[in-house]
Amino acid sequence: MSVLPIVLLGDPRLRLKGEPVDSFGKYLHELLDDLTDTMRHAPGVGLAAPQLGVALQACVVEVEGNLHELVNPRIVRATGDDRDLEGCLSIPGYTAYVTRRERIWVVAQNRQGRRIKVAGSGLLSRAMQHEIDHLQGKLYIDYLESMDELIPVGQEDEEEQAEPGAERHTLVG
Ligand code: ZN
């Protein structure tokens, strides 16, 4: 278990499509442990294998104390739309408004290769969509029409005049 350096925007490894995982042994378990340690250290609510330079279909998401290890995940159903601020540990210092599906249902495998289902809305839904995109080499900035839509961290409140003291739950993964 280690905290590892996160691959940053500009590194071509971030754009590689993850290969499907077909071996559920020690290598995968160490990768998942490293993903969790690095995510928590950042801190963030999710991290995908390509962000550690590993082109495999594996990611972790942790929301409200619940850790989800998702291997070979795919979205099987989605409803509604939700627009909110989103950031990425591979693009530090910025956030932007991104429209995602409000609620999704994901089928994946766990670290033993057993089939699991995870349904989520709100932050969990957004985090899973963000991480599953990483497994396809896709980043949230790909949804923006222009890089002018990026908001430097700390200036979000000026953009939308949030209530003073209101707690924001911005995704960073
Ligand atoms: Zn990200």
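Two strands are said to pair if DSSP finds at least two bridges between them. Helices (H or I, at least four residues) and strands (E, at least two) are DSSP runs, numbered from the N terminus.

The model is predicted: local features need pLDDT of at least 70, side-chain atom pairs count only at pLDDT 80 or more, and totals for chains, interfaces and linings use all residues. Residues are numbered from 1 along each chain as its sequence is written, and side-chain values use heavy atoms, with hydrogens and water left out.

**First stop: β1 and the loop before it**

Select P43, which is found in the loop between α1 (26-41) and β1. The peptide bond from A42 to P43 is cis, with omega near -10°. Most peptide bonds are trans.

Continue to strand β1 (residues 46-48), which runs antiparallel to β2 and is joined to β2 by three bridges. To view one of these bridges, select A48 together with C59, its partner in β2.

**Second stop: strand β2**

Select residues 58-63, which make up strand β2. Are its residues buried or exposed? Six of the six residues of β2 are buried, where buried means under 20% relative accessible area, exposed means over 50%, and partly exposed lies in between (1.4 Å probe, protein chains only). A58, V60 and E62 point one way from the strand, while C59, V61 and V63 point the other way.

Next, display β3 beside β2. The two strands pair in the antiparallel sense over six bridges. Among the residues to select are V60, whose bridge partner in β3 is E69, and V63, whose partner in β3 is N66.

**Third stop: the turn at E64**

β2 and β3 form a hairpin with two residues between them. Select E64, located in the loop between these strands. Phi of E64 is near 50°, a positive value in a residue other than glycine. Most residues other than glycine have a negative phi. E64 counts as exposed because its relative accessible area is 76%.

**Fourth stop: along strand β3**

Select residues 66-88 to show strand β3. N72, found in this strand, has a positive phi of about 50° although it is not a glycine. N72 counts as buried, at 19% relative accessibility.

Move to I75, also found in β3. I75 is partly exposed, with a relative accessible area of 36%. Which residues does I75 touch, not counting those up to four places away in sequence? They are I104, W105, V106, Q129 and I132; contact here means heavy atoms within 4.5 Å. Measuring from I75 back to E64 in the viewer, C-alpha to C-alpha, should give 21 Å, for two residues eleven apart in sequence.

Now select R77 and W105. R77 lies over the face of W105, at 4.2 Å from the ring centre; a charge sits over a ring if NZ of Lys or CZ of Arg is within 6 Å of the ring centre and within 35 degrees of the ring normal.

**Fifth stop: the other partners of β3**

Add strand β4 (residues 91-109), which runs antiparallel to β3 and is joined to β3 by 14 bridges. A hairpin joins the two strands through two residues. For one of the bridges, select G87 and its partner T95 in β4.

Then add strand β7 (residues 171-172), which runs parallel to β3, with two bridges between them. E86 has L171 in β7 as its bridge partner.

**Sixth stop: R111**

Select R111, in the loop between β4 and β5 (115-121). R111 is buried, with a relative accessible area of 17%. R111 touches F24, L28, H29, L32, D33 and E69, not counting residues up to four places away in sequence. The C-alpha atoms of R111 and E69 are separated by 7.2 Å, although the residues are 42 apart along the chain.

**Final stop: the zinc ion**

Which atoms coordinate the zinc ion? Select C88 (SG), H130 (NE2), H134 (NE2) and G173 (O), which lie at 2.1 to 2.3 Å. Donors are N, O and S atoms within 2.8 Å of the metal (3.2 Å for Na, K and Ca); water is not among the atoms, so sites may look incomplete.

The four donor atoms subtend angles of 94 to 134° around the zinc ion, which makes the arrangement tetrahedral. Four donors count as tetrahedral if all angles lie between 85 and 135 degrees. The ideal angle at a metal with four tetrahedral donors is 109.5 degrees.

Along the sequence, the donor residues follow the spacing C-x41-H-x3-H-x38-G. C88 lies in strand β3 and H130 in helix α2 (residues 122-134), so the pair ties together parts that are 42 residues apart in sequence. Both C88 and H130 are buried.

How values were computed
Tetrahedral: all angles 85-135°; square planar, octahedral: opposite > 155°, others 65-115°.
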